[in-house]
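Subject: The structure, and what turned up in it

Hello,

Here is the structure I promised to pass on. Have a look at it first, and then read on for the notes on its helices and inner spaces.

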Amino acid sequence: YDVFFFFSSRRRHTRCSGVSWARRCVQETGINRLLAQVKATEGKVDNLGKFSIFGQIFRQASKHSYSEMCPYGTDERIFRIDFLNEASIDAGGPYREAFANMCKDLQSKTLPLLIPTPNQRNNTGLFREKWTINPKATLDIHQKMYEFFGVLMGVAIRTKHYLTLNLPSIFWKMICNKLPDLSDLDAIDRFTVQCLDDILNIEKKNVDADTFCDVIDQKFVTFLSDGTEIELIPNGAQIQVTFEKRKQFVDLVIRKRLEESQKQISWIKNGLFEIIPEAVFGIISQESLEVMICGSPQIDVDFLKKNTEYCGCDENAPTIKMFWKMLKSFDDLERSLYLKFAWGRTRLPLQDSDFTQKHRIILISSDDKQLPQSHTCFFQIDIPKYSTFDIMCQKFRLAINNCEGIDTDGTRGIEAVSYTHLTLPTIYSVQISVVAVSLKKKNTNKNICYCYI
């Protein structure tokens, strides 16, 4: 880790008149999240990077040299975000929220860059939550999007602003220039590995050269992670696998599958090396790299409690004790959603010194009808003095599961309602009060429930 920062701190990056692009230009950037959400709800795939949140930020960032985006410290941001129609003021919260939104886009059907692993689609094997590179994403615009993905990975390393990504071991090995093996294929496509093992060891089932073709009807083709069928040898779709050639077939399948995303990985590296020196990746393990970019998916409540400060109360207050009991009762997903609600991030820093802000808790008036209020720019949560543990859990779960936008007074939400046909756009951050209102969609008779702050 120390060696890594020795290399990265010595690299020089371009500056324009002593001011980074992040500070000069992106203050004018607007991200239309309502548009992105509407398109996603309609099932649209952002193949050209135009309407998704990732795509909107990518389009504006790619107008500049990525080397100008290199941050110099953990507290530096590479751009400033203006969420259109959400009255957001980027003092840090919208910036962190944008990163979380981009990770969500990447691991969804909204973008073509990543796809669910075969294990996830087939509900077999381990690591079913993982997403892998889409071997079909080969357009020029896909190359540019992968490069921007690499830039975000480099920024995550430098700023410790972790990306919430579930990527398999084969991805991290290839980034670190390590050779993947059969175990990595098994981690994304258990079904294929089992089939290959059955073919290779078919004699254990009393099948020999005379009966092989009666049992196995297989040509020299295989399917990539996206389901595309490809030939393993010239005219392979017409050539039958025989008992004698079964090992050749198995070796070809393994090689092809382990190399299926080489092109896309090289594009990601191009962007990553704009932010982090290439030499670094020859001296770190894939496990270390994953932690440096993604952090730990486990949310340690005691670690968060250790890095919490209180305003107008202390940790012995009944409501505070109830709060920590509630967090410990949450699973990792709910804890992650809480962090997103309170801070705009979904993972904790790895050590005390990595906290750029302490978690702050303020108790407000006793009101069982009121939702908790968050200030994501300052990692602050305002908690009503709920009368019971069950009421607190109910209100927090309502807040963390339904808050998807940012607003300060609701005026922009009303302004934007003519766009949206979503069931419940809800928002949070810099909250004063949360009120549900029923509005009429322009030119329709439909009511829309809108939570504003």
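In what follows, Ala, Val, Leu, Ile, Met, Phe, Trp, Tyr, Cys and Pro count as nonpolar, Asp, Glu, Lys and Arg count as charged, and the others, Gly among them, count as polar. Please keep in mind that this is a predicted model.

Let me start with the enclosed spaces. How many cavities of 30 Å³ or more does a search of the whole structure find? There are four. The largest cavity holds about 80 Å³ of space. Its lining is made up of Arg96, Phe99, Ala100, Cys103, His161, Tyr162, Thr164, Gly344, Arg345, Thr346 and Arg347. Sorted by class, that lining has four nonpolar, four polar and three charged residues.

The second largest cavity has about 50 Å³ of space. Around it you will find Thr132, Ile133, Ile170, Phe171, Met174, Ile188, Arg257, Glu260, Ser261 and Ile265. Both β4 (131–133) and α8 (169–175) supply at least two residues of this lining, and α8 gives the most, with three. The lining of the second largest cavity divides into six nonpolar, two polar and two charged residues.

Now for the largest pocket, which contains about 620 Å³ of space. It is lined by 23 residues, and those closest to its centre are Gln107, Thr164, Leu333, Ser336 and Thr346. Thr164 and Thr346 also appear in the lining of the largest cavity. Three elements give two or more residues to the pocket lining: α5 (93–106), α17 (332–343) and α18 (389–402). Which of the elements has the largest share of that lining? It is α17, with six residues. By class, the pocket lining comprises 11 nonpolar, six polar and six charged residues.

On to the helix packing, beginning with α5. Helix α4 (residues 53–61) packs against α5 at an angle of about 115°, and their axes are 8 Å apart. That angle makes α4 roughly perpendicular to α5. On the α4 side, Ile53, Phe54 and Ile57 take part, and they meet Ala98, Asn101, Met102, Asp105 and Leu106 of α5. This contact has six nonpolar residues, one polar and one charged.

α5 also meets helix α7 (residues 140–159): their axes come within 13 Å and cross at roughly 135°. The two helices are therefore oblique to each other, and the crossing is left-handed. Here Tyr95, Phe99, Met102 and Leu106 of α5 meet Phe148, Phe149, Leu152 and Val155 of α7. What classes do the residues of this contact fall into? Eight are nonpolar, with no polar and no charged residues. Met102 and Leu106 are worth finding on screen, since you will see them listed in the contact with α4 as well.

Finally, α7 packs with helix α13 (residues 262–275) at an angle of about 45°, with the axes 6 Å apart. α7 and α13 are therefore oblique to each other, and their crossing is right-handed. Among the residues that make this contact are Tyr146, Phe149, Val151 and Val155 of α7, together with Trp267, Ile268 and Leu272 of α13. By class, the contact of α7 with α13 has 10 nonpolar, seven polar and two charged residues.

Happy browsing, and do write back with any questions.

Best wishes

Technical notes:
Residues are numbered from 1 along each chain as its sequence is written. This is a predicted model: local features need pLDDT of at least 70, side-chain atom pairs count only at pLDDT 80 or more; totals for chains, interfaces and linings use all residues. Side-chain values use heavy atoms; hydrogens and water are left out. On a 1 Å grid over the protein atoms alone, a cavity is a set of points where a 1.4 Å probe fits but cannot get out, and a pocket is an open set with protein on both sides within 12 Å along at least five of seven lines; lining residues have an atom within 4 Å of a point. Grid points are joined across faces, edges and corners, and a volume is the space filled by probe spheres set on the points. Helices (H or I, at least four residues) and strands (E, at least two) are DSSP runs, numbered from the N terminus. Axes are lines fitted to C-alpha atoms, for helices over the stretch in contact, and angles run from 0 to 180 degrees between N-to-C directions. Angles under 35 degrees count as roughly parallel, over 145 as roughly antiparallel, 65 to 115 as roughly perpendicular and the rest as oblique. Contact means heavy atoms within 4.5 Å. A crossing is left-handed if the near helix is turned anticlockwise from the far one by less than a right angle, and right-handed if clockwise.
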